[in-house]
Structure formats: structure tokens, C-alpha cells
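Got the viewer open? Here is a short walk through the model, one selection at a time.

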Amino acid sequence: MKKDYSQYFRRPSTKAARKRTTEDVQTIDFDSHLNIKHLGQGKHYLIQTYGCQGNEADTETIKGLLHQLDFKETTDERQADLILLNTCAIRENAENRVFGELGRLKQYKKSNPDLLIGVAGCMPQEESVVDRLLMKYPYVDLIFGTHNIYKIPEYLETAMLAKERVIEVFSDEGSIIENLPKKREFSHKAWVNIMYGCDEFCTYCVVPYTRGKERSRDPKQVIEEVKKLVLDGYQEVTLLGQNVNSYGRDFIDKDYTFSHLLNDLAKTTIKRIRFTTSHPKDFDDATIAAIAEHKNIMPHIHLPVQSGSNKVLKKMNRKYTKEAYLTLVDKIVKAIPHVSLTTDIIVGFPEEDDEAFEETLDLVNQAHFEGAFTFIFSPRAGTPAAAYHDTTSNVVKKARLQRLNTVINQGYLKGNKRFENQVVEVLVDGESKNKANILAGYTEHNKLVNFEGDCSLIGKIVRVKVTEAKTWFLLGERHE
Ligand code: 5AD
Ligand code: SF4
């Protein structure tokens, strides 16, 4: 019987994406018995990844699936038979870059009419983006979102063999797919998703719409994955979730939370455990105790505050106050005195007046952040904050960002300075981009270190004496 390829047309729906049901989360085992195994034989793919670590982890899954189909990776656009953009929707400028890139990539279709161009990730989860792609980018062959990566083999079969355009985006999905293949970027450090989606609905944020409802992976699956990584020689895992502190909130059959998971993972022999991102309102004492207790849980906490003004925090729906945040910081510092704290801050949120901004600066000074990602608020279609009345001019917003960054950069330098003349442990990532024989890696506190050494050290944890602290990195020398 001839396969019906026209089934792959499904647009996203903001209304469906906003809904949250109490239904139990389905865990589905990926079926890798493909009858199109050699679809990619002799063909090359290229993926561009935008945005957060979640997307980087997804790209590793997409690559895993493509390799199962016998595709090979290339970095040469002229050699590629498939170019996929794994996109980010968090701010408008991230989206503009993708549209610009799509315009530029069109030329390769002329020289290679069989080239497939695909848009994946968070942008296709937005109605307005899919409308724009349909109207203005008819040469995009594949459009799929964050929930259906596992269907790439089918989509490619349709696009390559039936020459049909594929547009399939699910907005109301809430399942977990286990055992998907992965082609990891590094062989010494790995992303490990512990949960998907987000139920917080901070009013500025598009993630709850693009990534769906919050669903935690079964701890057994997570622990097994980490144990396997240890056996494969991995030194470090970074646990991923939009709000890792709410891990397990959706389990109906057990009382098992993030601190339980940290304690269980610390008992595996993995050398380093990191996690991101934390939400201050859910960061509990048991989690602080777990980090303080286990040497293999790294003493770096990324704790997005977003604003130091209670009025703005309320409008953002962050569900904590400036005082509660500072109390949490105090508790963390008492339990883990040498901890490194970093944060995310949005400036220019509607109703952020001069006074509110000064409160943010004040909080930054009190919390002693050693780094921050800072952003100007970007209204996202479908989120409540996009409709808020905004009276602050762009000039003022830019000036606030600059003032904030000056203070944040002082924090970076101060945070690095405290390691001068100390011996630190560095997990070596590779050679420095700019100089041969110079290696680059990260300390336990997540500080970038450059030092002279041999490539044979890549992937190992080595001791380095810090000789000089710069704002963005440390300089050091190997310490036996
Ligand atoms: N505008 C600006 N920054 C945003 N973030 C999330 N949504 C927006 C937005 N609409 C920032 C937050 C979050 C980080 C990942 O991105 O600071 O913590
Ligand atoms: Fe966005 Fe808030 Fe969820 Fe983070 S916690 S992903 S900022 S909605």
C-alpha cells in the first residue's frame, strides 16, 4: 500500500500550548528498528544550534538519529545535503538571526536543488513563526518542534523520497521519549536531561509554550544514564531542566525530589555533577545540604534572580521577593562558604522605573554574583508581559544594561581574583581557540582557565596553579 505522506501537516497552537492537564506523563521507549536505515548513505548534514543547553542536548539527539540513518556530519555548507537550524525563541534577536540565516542559505538550494533545509526547536512551536515560514520561506522543507525530534527519520523519508514538505508541530504533547540515540559533542562531559518543559509561566517567558508541560524523567533512568557515562569514561555531567528544583513534583507514585536525585547521583562515581537552571522559590534546604555534603557536586549555582524590585518580580510572576532571594543566598553561603553564584537579570521590564532598577543594582551588590547573563526585555507573542504597558525608552534600557554590566563585570573579576595563587582542579576541554599548546578547561567553581600543556591532558582533571586572574578567565600553570 502506498504510504500517505500528506499526513505531516500540523501547525502549532498557542492555546493548546498554554493548557496544563493533570494526566500522568507517558514514558515511551524509542523504537530504533528502522526500515529506512540507509536513507542517509553518502549524504552529509550540517546543524546550527541556537540558544540554551537544552537545545545543545537536543542537537546531540538529532545527530544520533541522523547517524543511525547513515548520514555523515559536515561543516561545509556546499557539501551538505541537509541543513537544520535548531532554533531558540527566547528573545527577538535570536529569532532574527535565524530568519537572516535562512535568507542566506537559500543560495545553496540553487547550486544543489536536492538540498533540504529544516527549522527545528523552539521557533516552530510559535504560531507566528510557522505562518511567516509558510508565507515567506517556501524553500524550507522541514519544520518540526521540540516534541517530535524522534520522528526525524519519518520526516526525512517523506522529504527525500516523496519530495513532500513536512510541517509537524505538536503543542499539547507531554510525553518523555527514552533511549533515543545520542552523538555527544564531548567524550568527557555530558548533558543529562532530568526533566522537560516548564510550568512556571513567568510572564515574560515563552518556554512554557515552546517546551510544554513540566515532566520529570524517572530517577532510575537518570541514574542508569549517569552510571553508563561513568563506564564510558565521562568525568562530568550537567543535569538539565528549566527549573531543576521542582524535579519530581509531577511524580504521583513517589516522593522523590531534586535533593534525592543529587544524593543518589553523588553516590555514582562520576567526578563532577553540575545542574542548571535553578529557581529561587523552589531551592530547598535539602538541596543546599546535598551540595554542601558531596565533593562531587560542584560548588557553582546559577540562580536567576531576574530583578531586585519586588514590584517587578510580582509582575514577572516569579513568586519570591528580593528579601527571600537574599535570605536564600545567605543560607547557601553559610552552608557552602566558597560557593560561586551566578544569575540572569532582565532590564527594561514594563514598570521597571529608575527606583526599581536601582534596587536591582543594590541586590547585585549584596548577593556578590560572580557572573550574570543580562538581557533587555524582549516581548514575546502570546506571553502576558507582551501586553504590559511599557513606557521606558530604548535609550534608557540600554543605559541601564550598561550600568548593570559594569557592576557585573566587577563581580566576574572579584570572583576570579579569589583564586589567584591557589591550586585548582581543571577538567580540560581542549586547546585554546587562539593559541596552540595552550589548554582550556573549567574549575570546580566553573571558572575558565588557560594554561600550557599537552593535548594528552584533554578530558582529564588536572591540578593547575592560578598565576593571574583576568575578568573573563584565569591564567595558570600545571601543578603536579
Ligand atoms: N526577554 C528578555 N530576557 C528573557 N529571558 C527569558 N525570557 C526573556 C524575555 N522575554 C531571560 C531570563 C532567563 C534567561 C534564560 O533568558 O533571564 O533566565
Ligand atoms: Fe521561563 Fe520562568 Fe520557566 Fe525559567 S522558570 S523557563 S524563566 S517560565
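Which polar backbone atom lies 2.8 Å from a nitrogen atom of ligand 1? Select S378: the backbone atom belongs to this residue, and the ligand nitrogen sits 2.8 Å from it. Taken alone, ligand 1 exposes 410 Å², and the protein buries 86% of that. Keep in mind as you click around that this is a predicted model.

Stay with ligand 1 and look for its oxygen atoms. Show the side chain of Q306, where an N or O atom is 2.6 Å from an oxygen atom of the ligand. Then add R91, which has a polar side-chain atom 3.0 Å from a ligand oxygen.

Now bring up the whole shell around ligand 1. Besides R91, Q306 and S378, select I90, Y204, D344, I346, F375, I376, F377 and R380. Colour the shell by class and you get six nonpolar, two polar and three charged residues. Next, switch to cartoon and pick out two strands, β16 (340-347) and β17 (372-376), each of which supplies at least two residues of this shell.

Keep Y204 selected and move on to ligand 2. Y204 belongs to the shell of ligand 1 and is also listed around ligand 2. Three cysteines, C198, C202 and C205, are among the residues here. Add E200, F201, V207 and P208, then Q242, H279 and R318, to complete the set with Y204. By class, this shell divides into seven nonpolar, two polar and two charged residues.

Time to zoom out. Colour the chain by domain: domain 1 covers 9-168, domain 2 covers 179-417 and domain 3 covers 423-478. If you place a marker at the C-alpha centre of domain 1 and another at that of domain 3, they are 36 Å apart.

Which residues lie nearest the centre of the second largest pocket? Select T21, D172, E173, G174 and K213 to find the spot; the full lining has 17 residues. The volume of this pocket is about 320 Å³. Its lining is made up of four nonpolar, six polar and seven charged residues.

Last, some backbone oddities. Most residues other than glycine have a negative phi, and most peptide bonds are trans. Go to T276 and T277, which are joined by a cis peptide bond with omega of about 5°. T277 is in the loop between β14 (272-276) and α9 (285-293).

Two asparagines come next. N179 has a positive phi of about 65° without being a glycine, and you will find N179 in the loop between β9 (176-178) and β10 (189-193). For N446 the positive phi is about 70°; look for N446 in the loop that runs between β19 (438-443) and β20 (448-452).

Definitions and conventions: Residues are numbered from 1 along each chain as its sequence is written. Chains are lettered from A and ligands numbered from 1 in the order in which they are written. This is a predicted model: local features need pLDDT of at least 70, side-chain atom pairs count only at pLDDT 80 or more; totals for chains, interfaces and linings use all residues. Side-chain values use heavy atoms; hydrogens and water are left out. A residue is near a molecule or strand if one of its heavy atoms lies within 4 Å of it. A polar contact is a pair of N or O atoms within 3.5 Å; within protein, one must be able to donate a hydrogen and the other to accept it, and residues adjacent in sequence count only if both atoms are side-chain atoms. Accessible areas come from the Shrake-Rupley method with a 1.4 Å probe; for residues, only the protein chains shown count as cover. Helices (H or I, at least four residues) and strands (E, at least two) are DSSP runs, numbered from the N terminus. Ala, Val, Leu, Ile, Met, Phe, Trp, Tyr, Cys and Pro count as nonpolar, Asp, Glu, Lys and Arg as charged, and the others, Gly among them, as polar. Domain bounds come from an automatic or database domain assignment. On a 1 Å grid over the protein atoms alone, a cavity is a set of points where a 1.4 Å probe fits but cannot get out, and a pocket is an open set with protein on both sides within 12 Å along at least five of seven lines; lining residues have an atom within 4 Å of a point. Grid points are joined across faces, edges and corners, and a volume is the space filled by probe spheres set on the points.
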